[in-house]
Amino acid sequence: MTQGKSRVFSGIQPSGELHIGNYLGAIRNWVALTEEYECIYCIVDLHAVTVPYEPAELPGRIRELAIGLLASGVDPERCTLFVQSAVPEHTELAWLLNTVTPLGELSRMTQFKDKSDRVDTVNAGLLNYPVLQAADILLYLADRVPVGEDQVQHLELTREIARRWNGRFGDYFPEPQALTGGGKRILGLDGMSKMSKSQNNTIPLLADEEDLWSVLRMAVTDPARVRREDPGNPDVCNVFTLHGHFSSTEERAEIDVLCRTAGIGCVDCKRRLTANMAEHLAPIRDSAEDLRANPDRVTEILDEGARRARAIASVTVAEVRDRMGIARRSP
Ligand code: TRP
């Protein structure tokens, strides 16, 4: 571990196109954290296979996610970025941690209950998902984990698993703390639920102006034009909130007045948002284009990331095996 610096670990699933919610809620924060911490970021493909998916599409999804992260400013010179399945220690440690994980805790996880409601048969991978997540984090002895609210429960379980393992085999794993509040909870086009692939309410990150307009024109606004009736809470109109992320302070103030006095309609308001968003995101889109044209570079970055990750992970697993009395690997 770099002297004195806390280590951050976080993961993101290759489950679909990156969207504005990922960018504002997580990725921007990932980039900022590299200033202060030693950061390890992981594309968690082994988590993504716990729900129905198309095998032929998975490699492309992983690649596009890597491209999107790099284009958004996740800098491989300042952090380690890799794909989970490239480091087999993740699954090895997950198995070992399973042996100290209480089944009752797993079946109480909110995300497990939500997801298992949505599928016909519940596979054991869905149940054990948080154990793999604990392995991701503990493998690197990470002490900080940037996550959204929805992952806080998984992080609590990670601490519980670390405690139980330490209690049984001797103090080794730190109990990682959640870093919440880095990014904001971004609502989707419906203006009601969190922007997410499963809600079908996303604004794609790597879209051009035309594509942005085709989704933003559908965004739900507040017909009563109230917007800020409840200070401290999100604006009632999500389009107005999004202006806050992509438009200048002056323009947003102008829109605030124009909207309330009916000087501007929702369509024009959305058009201005689309233009500003497209402009703001243009460098990310361009950089993604460059990376797509240079696939070897992306491969090289992920390979190097996996090498660095594995150097740490293999030391952890060797120690864990030793303390658990498990035979040495064949040479
Ligand atoms: N479960 C997380 C999510 O869906 C992704 C994830 C997997 C993760 N492993 C992790 C997040 C380790 C933080 C740390 O968002």
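## Salt bridges, polar contacts and surface features

E57 is partly exposed, with 42% of its relative area accessible, where partly exposed covers the range between buried (under 20% relative accessible area) and exposed (over 50%), computed with a 1.4 Å probe and with protein chains only. The model is a predicted one, in which local features need pLDDT of at least 70 and side-chain atom pairs count only at pLDDT 80 or more, while totals for chains, interfaces and linings use all residues. Residues are numbered from 1 along each chain as its sequence is written, and side-chain values rest on heavy atoms, with hydrogens and water left out.

The partner of E57 is R61, and the side chains of these two residues meet in a salt bridge with an N to O distance of 3.4 Å; a salt bridge here is a side-chain nitrogen of Lys or Arg within 4 Å of a carboxyl oxygen of Asp or Glu. R61 is itself partly exposed, at a relative accessible area of 29%. In total the structure holds 19 salt bridges. As a general matter, side chains of opposite charge can pair when their charged atoms come close.

A second salt bridge joins the side chains of R310 and E89, at 3.0 Å from N to O. Because R310 lies in helix α13 (residues 295–324) and E89 in helix α4 (residues 89–98), this pair ties together parts that are 221 residues apart in sequence. Helices (H or I, at least four residues) and strands (E, at least two) are DSSP runs, numbered from the N terminus. Within the pair, R310 counts as partly exposed at 34% relative accessibility, whereas E89 counts as buried at 2%.

A further salt bridge connects R163 with E175, whose closest N and O atoms are 2.9 Å apart. R163 lies in helix α8 (residues 152–169) and E175 in the loop between α8 and β5 (177–179), so the pair ties together parts that are 12 residues apart in sequence. Salt bridges that share partners join E160, R163, R164 and E175 into one network. As for the accessibility of the pair, R163 counts as partly exposed at 39%, and E175 is likewise partly exposed, with a relative accessible area of 32%.

Which side chains does Q84 contact through polar atoms? The side chain of Q84 makes polar contacts with the side chains of H47 and D136, and a polar contact means a pair of N or O atoms within 3.5 Å, of which, within protein, one must be able to donate a hydrogen and the other to accept it, residues adjacent in sequence counting only if both atoms are side-chain atoms. Q84 lies in the loop between β3 (79–83) and α4 and is buried, with a relative accessible area of 0%. Q111, which is placed in helix α6 (residues 110–117), is also buried, at 17%, and its side chain is joined to that of Q151 by a polar contact. The side-chain contacts described here are set out below.

| Side-chain pair | Polar contact distance |
|---|---|
| Q84 and H47 | 3.4 Å |
| Q84 and D136 | 2.9 Å |
| Q111 and Q151 | 3.5 Å |

Turning to the backbone, N200 has a positive phi of about 60 degrees although it is not a glycine. Most residues other than glycine have a negative phi. N200 is found in the loop between β5 and α9 and counts as exposed, at 70% relative accessibility. A262 is another non-glycine residue with a positive phi of about 60 degrees; A262 occurs in the loop between α11 (249–260) and α12 (266–292) and is exposed, with a relative accessible area of 52%.

On the surface, E17, D208, E209, E210 and D211 form a negative patch. Patches are made of residues with over 30% relative accessible area and no salt bridge, like charges being joined within 9 Å and nonpolar side chains (Val, Leu, Ile, Met, Phe, Trp, Tyr) within 5 Å. One member of this patch, D211, lies in helix α9 (residues 209–216) and counts as partly exposed at 39% relative accessibility.

Finally, R329 is placed in the segment after α13 and counts as partly exposed, at 41% relative accessibility. The C-alpha atoms of R329 and A318, which stand 11 residues apart along the chain, are separated by 9.0 Å.

Definitions and conventions
Accessible areas come from the Shrake-Rupley method with a 1.4 Å probe; for residues, only the protein chains shown count as cover. Lys and Arg count as positive and Asp and Glu as negative; His and the chain ends are not counted. The place of a charge is taken as NZ of Lys, CZ of Arg, CG of Asp or CD of Glu.
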